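Colleague: Could you take a close look at the nonpolar surface patch for me, and set it in the context of the whole chain?

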Amino acid sequence: MIDLKDRNRLFWILQTSGWFFFFSSLLFYYVIRGHYSPFLVAHYASSMAAVFLATLLLRWIYKKLRIPDQRIVPLALLAVTLSLATASLLALIDAFKMPVMRGLELNAGAVLTAFMRNIAWWLIPIGGWSALYVGFIFWQEWTVQKERTEKALALAQAAHLQMIKYRLSPHFLFNSLNSIRALIAEDKRAAKTMVTELSEFLRYSLVSKNYKDVPLKEEIDSLRHYFNIQKMRYEKKLEVAFHIDTAAEDFPVASFLLHPLAENALKFGLRTSPLPLKIRITAGFSQGRLKIEIVNSGSWVEPEISSKGLKVGQGLENVRQRLQDTYPGSHRLDVFEHEGNVHALLVLEKERRRQAP
């Protein structure tokens, strides 16, 4: 984005060099055709000064109009009108200037003829100047709005991700620490292993927030740490299996995208499944699409409403919102129950991935 100071500097550079090049090119054209004369130089020098000042006046008018706030069609009509008026003014100046500079007597008919002819000649460069100036202002404003929108979206996504993490971490962390405390007296080696798994999981949770995307392998590794901790807590009550296609491991996914789905599989599976709860996580990549499925034994549980009127179990809604923000029109998330299992099927299309700012 070009700031105001740089934009003003760019305007003066283009304004000066553009008109100088335009009239120098005209003068050069007549020179190589053998029509050079001091009068011609004086004529084009005075014309350049006149159009330079006239376009500065146009710029002042456009700035007063606040171009970005105007509707395109009325603004276009106004630009054409102003360009025609400016061209008429310059044509009128030329119509009187030429006889005066040549020392000729003014003739109303000749002045009128020259005026009508010069309007068409001046309208092209003045109209082009107006189109470039107005177009640049619109482009600049569009760029500013686009950057603001992308920044707002990025902040919203970051805040949304942090909300998910803060919701998950305290509950999970307190339970894990209680389990470690219980294991210290029973099995120090198991307690040490659980501390390692917990530290790896928390490391990913903290570090991944600095990245928009992470390779699927890192997201899956964090799920392995998460479930290893849970398996030490629930022991034989929980069985987890991973089947990850190596072709899918480098696919970029939004960090912490899968954890709410994994947490739901554990939380609601323990409520509804015969023990042991069985969870299976698979991922494959084919024809530009990543397919991830988290399956748990048990049955589907409808979202609950708490005594305060708040919906309990927002994990799935959070995932849907993040998918809509990050993969608009290029994702699919289906959650369904089939033959005693709950399936969360996620499909992402790599080619249509929205690049986060």
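Modeller: The chain has eight helices and nine strands, taken as DSSP runs (helices H or I, at least four residues; strands E, at least two) and numbered from the N terminus. This is a predicted model, where local features need pLDDT of at least 70, side-chain atom pairs count only at pLDDT 80 or more, and totals for chains, interfaces and linings use all residues. Residues are numbered from 1 along each chain as its sequence is written, and side-chain values use heavy atoms, with hydrogens and water left out.

Now to your patch. F28, Y29, V31, I32, Y36 and V41 make a nonpolar surface patch of about 600 Å²; its members have over 30% relative accessible area and no salt bridge (a side-chain nitrogen of Lys or Arg within 4 Å of a carboxyl oxygen of Asp or Glu), and nonpolar side chains are joined within 5 Å. Areas come from the Shrake-Rupley method with a 1.4 Å probe. Helix α1 (residues 4–32) contributes the most, with four residues. Y36 sits in the loop between α1 and α2 (38–65), and Y36 counts as exposed because its relative accessibility is 52%, the cut-off being over 50% (buried is under 20%, partly exposed in between).

For context, 37% of the 357 residues are buried, and the chain's accessible surface is about 21000 Å², with 61% belonging to carbon and sulfur atoms.

On confidence, pLDDT (the predictor's confidence in each residue, from 0 to 100) averages 80 over the chain, and 83% of the residues score at least 70. Over residues 306–312 the pLDDT is below 50. Where pLDDT is low, the predicted coordinates should not be read in detail.

Conventions
Patches are made of residues with over 30% relative accessible area and no salt bridge: like charges are joined within 9 Å, nonpolar side chains (Val, Leu, Ile, Met, Phe, Trp, Tyr) within 5 Å. Buried means under 20% relative accessible area, exposed over 50%, partly exposed in between (1.4 Å probe, protein chains only). Contact means heavy atoms within 4.5 Å.
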